[in-house]
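This report describes selected local features of one structure for a reader who is new to it. Please consult the sequence and the model alongside the text.

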Amino acid sequence: MGVLEQYLRGKGRVVEAVSREISDSAGHVPSLRELDQQAWFGDPIPVEDEGDIRAVEGIRVAVFGGSKAKPREHLGESQTLHLLQTDDAYRDAIWLTEDREAYRFAQRQHITTRDTFGVLCDMVGYFDLSIDRAFEVSQRILEAGEPMLHEPASPRDFLF
């Protein structure tokens with residue numbers, strides 16, 4: 001988690017559905033128990049306007065295959081995507097996700113997107129991490145049973 005905090009450099013934000021997902025997941029994802037969302041992200045970005053709520057629901061169903069029976073399924077991805085597509089304040093934001101479909105869709109929409117491997121590659125490029133340290137972090141993530149969209153085979157995978 002310290003590596004992610006370093007990457008965010010105090011500029012991370014989350015929409016309200018992602019904040020709720022983090023809170024809900026803290027019970028079974030040990031690393032999330034130590035995450036102080038207020039300190040890391042500030043207040044969650046709300047989606048309150050009726051038009052925005054309808055648009056988010058449309059994205060959730062049409063883009064991510066959400067269903068009426070599971071109204072919170074893909075809600076975080078949908079709120080994030082809507083925000084990045086419609087709010088100029090987030091035009092230069094980087095979307096961090098391990099959701100394969102969200103990652104692919106966002107890239108097709110020309111939204112700057114990173115998965116864990118991409119974050120680690122960026123940090124190597126910024127000289128915040130060595131390739132060996134990036135590989136070590138990725139292996140710890142995988143050993144903890146956490147998913148990574150792109151799994152490095154060696155430290156050399158972090159070279160551009």
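Phe 64 counts as buried because its relative accessibility is 8%; buried denotes under 20% relative accessible area, exposed over 50%, and partly exposed the range in between, with a 1.4 Å probe and protein chains only. The model is a predicted one, in which local features need pLDDT of at least 70 and side-chain atom pairs count only at pLDDT 80 or more, while totals for chains, interfaces and linings use all residues. Residues are numbered from 1 along each chain as its sequence is written, and side-chain values use heavy atoms, with hydrogens and water left out.

**Aromatic pairs**

A search of the whole structure yields three aromatic pairs. For this purpose, rings of Phe, Tyr and Trp (its six-membered ring) pair if their centres lie within 6.5 Å; planes under 30 degrees apart count as stacked, over 60 as edge-to-face and the rest as tilted. Phe 64 and Phe 105 have ring centres 6.3 Å apart and planes at 65°, so this pair is edge-to-face. Because Phe 64 lies in the loop between helix H5 (50-62) and helix H6 (75-86), and Phe 105 in helix H7 (residues 100-108), the pair ties together parts that are 41 residues apart in sequence. Helices (H or I, at least four residues) and strands (E, at least two) are DSSP runs, numbered from the N terminus. Phe 105 likewise counts as buried, at 16% relative accessibility.

Another of the pairs joins Trp 40 and Phe 41: the ring centres are 6.0 Å apart and the planes stand at 70°, so the arrangement is edge-to-face. Both Trp 40 and Phe 41 are buried.

**Contacts around Trp 95 and Ser 78**

Trp 95 belongs to strand S1 (residues 95-96) and counts as buried at 6% relative accessibility. Beyond its neighbours within four places in sequence, Trp 95 has contacts (heavy atoms within 4.5 Å) that include Phe 64, Thr 80, Leu 84, Ala 102 and Ile 111. The C-alpha atoms of Trp 95 and Thr 80 are 7.9 Å apart in space, although the two are 15 residues apart in sequence.

Ser 78, in helix H6, has 0% relative accessibility and so counts as buried. With neighbours within four places in sequence set aside, Ser 78 is in contact with Val 56, Ile 59, Arg 60 and Phe 64.

**Burial in helix H2**

In helix H2 (residues 16-25), the buried residues are Ala 17, Val 18, Ser 19 and Ile 22. Their cover includes helix H3 (30-33), helix H4 (37-41) and H6.

**Loop residues**

The table lists loop residues with their relative accessible areas.

| Residue | Loop | Relative accessible area | State |
|---|---|---|---|
| His 74 | between H5 and H6 | 21% | partly exposed |
| Ile 94 | between H6 and S1 | 37% | partly exposed |
| Phe 127 | between helix H8 (116-125) and helix H9 (131-143) | 76% | exposed |

Which backbone angle is positive in His 74, although it is not a glycine? The angle is phi, at about 65° in His 74. Phe 127, also a residue other than glycine, has a positive phi near 65°.
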